[in-house]
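The exercises below concern strand order, strand pairing, helix packing and ligand contacts. Work each one on the structure before reading its solution.

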Amino acid sequence: MTAYPVIATDLAAAIGHTPLLRLRQASEQTGCEILAKLESANPGGSIKDRTALGLLLDAERRGALRPGGTIVEGTAGNTGIGLALIGASRGYRTIITMPQTQSREKIDALRVTGAEVRLVPAVPYANPDHYAHQARRLAEAMNAADPGSAWFADQFDNTANRDFHEATTGVEIWEQTGGRVDGFVCATGTGGTLAGVGRALKLLKPMVTIALADPAGSALASYINTGELKAEGGSISEGIGSSRVTANFAGAPVDLAWSIPDTESVPWVHALMHDEGINAGGSSGVNVAGAVRLARALGPGHTIVTVIADAGTRYQAKLFNPGFLRDKGLPVPEWLERAFPG
Ligand code: PMP
């Protein structure tokens, strides 16, 4: 097993080594062992702490970020929270550009880190005002004025993201299952998690099945299945789905892919919370729905791993709001109706 340090001497040492938790209902329904890495247990509350740390360690190694310099990144929120917290622990400032459509809870979580948060309109990647392009241009302008003062983390196309998942998340899954993992499935935003874990596990066990659980509105399931980037519908999930093939996702060893509607994923968010005490966000609902589909594809008796990427309470006003759910045509469990009447 990966050794836990007795004392983590800095925040970086507290990232990763997350529990691998058995999901009881998903396992019972399918006859498989369905297990989830509890990534919400990271210091910043999400799997993106790993991405942030992997990108930052690579930048430090390459000398791309000088001591006391400024981290600049475009993010749906979680990567920004990770970068800001790790940045604070290592003496860097952080500036984040973020689409204004992201949850209030996530924007606030980022603001309380002391990071400078610039909310920008949510526009497609092809638009020069997309949050990632704005972050890149900001870092370029800062470096033009003061060379070496800023570093653009570039989580989508900097493959240090994927490499860190290969070296940590993937290896931890292998060790925690004692090599018994038969399949891994998750949704992707940058592609770092799926590509990194996929590469690690395929090297260790070529027969392993790697699957993509894609939210409705994303073009990647179609890309894997037909070669064409085509999206239909939409999703209330945040941080996942893509209209393009990022450098991190390119070449990921993906065997199966499904487009998963919110009507299938959101009930998992509620069931995990109410019946198993697992506080899971919308992308984790997509992941668990994908794990059930992978279990049905492989048949009973297999061990399938996925990820609880962050906590549902990071999206409380959406995922646990009966009025919001009804407006979106999503089912509202009776216990949630009672908790928030009217
Ligand atoms: N779930 C959540 C909640 C996220 O914030 C992200 C990253 N944006 C993902 C899943 C996707 O992870 P990755 O970027 O590694 O594909």
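**Exercise 1.** Determine the strand order and the pairing of the open sheet of four strands.

*Solution.* The model is predicted.
Step 1. Reading across the sheet of four strands gives the order β5-β4-β3-β6, and the pairing is parallel.
Step 2. At the edges are β5 (116-120) and β6 (150-152), each of which pairs on one side only.
Step 3. From one strand to the next, the twist averages 20°.

**Exercise 2.** Find how many bridges join β4 to β5, and identify the bridge partner of I95 in β5.

*Solution.* Step 1. Strand β4 covers residues 93-99 and runs parallel to β5; five bridges join the two.
Step 2. For I95, the bridge partner in β5 is E116.

**Exercise 3.** State which strands helix α2 lies across and which strands helix α5 lies across, with the angles.

*Solution.* Step 1. Helix α2, residues 48-62, lies across β3 (70-74) and β6. Its direction is at about 130° to β6.
Step 2. Helix α5, residues 131-145, lies across β3, β4, β5 and β6. The angle between α5 and β3 is about 155°.

**Exercise 4.** Give the order of the six-stranded open sheet and explain why one side of β1 and of β9 is left without a neighbour in the sheet.

*Solution.* Step 1. The six strands follow the order β1-β2-β10-β7-β8-β9, with mixed pairing.
Step 2. Strands β1 (20-22) and β9 (256-260) stand at the edges and have a single partner strand each, so one side of each lacks a neighbour in the sheet.
Step 3. In this sheet the twist averages 25° from one strand to the next.

**Exercise 5.** Establish in which sense β1 and β2 pair, then how β2 and β10 run and how β8 and β9 run.

*Solution.* Step 1. In general, strands of a sheet pair through backbone hydrogen bonds, either parallel or antiparallel.
Step 2. The pair β1 and β2 is antiparallel, over three bridges. The residue bridged to L21 is A36 in β2.
Step 3. β2 and β10 run parallel and are joined by six bridges. Here I34 stands opposite I304 in β10.
Step 4. β8 (residues 209-215) and β9 also run parallel, with five bridges between them. A213 has W258 of β9 opposite.

**Exercise 6.** Locate helix α7 relative to the strands.

*Solution.* Helix α7, residues 169-176, lies across β1, β2 (33-38), β7 (183-186) and β10 (303-308). Relative to β2, the helix runs at about 135°.

**Exercise 7.** Describe the ligand's surroundings: which residues come nearest, what polar contacts T190 makes, and how much of the ligand the protein buries.

*Solution.* Step 1. There are 14 residues around the ligand, of which K48, G189, T190, T193 and S283 come nearest.
Step 2. Sorted by class, the shell contains three nonpolar, nine polar and two charged residues.
Step 3. With a cut-off of 3.5 Å between N or O atoms, T190 places a polar side-chain atom 2.6 Å from a ligand oxygen atom. For T193, a polar side-chain atom is likewise 2.6 Å from an oxygen atom of the ligand. From G191, a backbone N or O atom lies 3.0 Å from a ligand oxygen atom.
Step 4. The ligand taken alone exposes 400 Å², and the protein buries 95% of that.

Note on methods: Residues are numbered from 1 along each chain as its sequence is written. This is a predicted model: local features need pLDDT of at least 70, side-chain atom pairs count only at pLDDT 80 or more; totals for chains, interfaces and linings use all residues. Side-chain values use heavy atoms; hydrogens and water are left out. Two strands pair if DSSP finds at least two bridges between them. Axes are lines fitted to C-alpha atoms, for helices over the stretch in contact, and angles run from 0 to 180 degrees between N-to-C directions. Contact means heavy atoms within 4.5 Å. A residue is near a molecule or strand if one of its heavy atoms lies within 4 Å of it. A polar contact is a pair of N or O atoms within 3.5 Å; within protein, one must be able to donate a hydrogen and the other to accept it, and residues adjacent in sequence count only if both atoms are side-chain atoms. Accessible areas come from the Shrake-Rupley method with a 1.4 Å probe; for residues, only the protein chains shown count as cover. Ala, Val, Leu, Ile, Met, Phe, Trp, Tyr, Cys and Pro count as nonpolar, Asp, Glu, Lys and Arg as charged, and the others, Gly among them, as polar.
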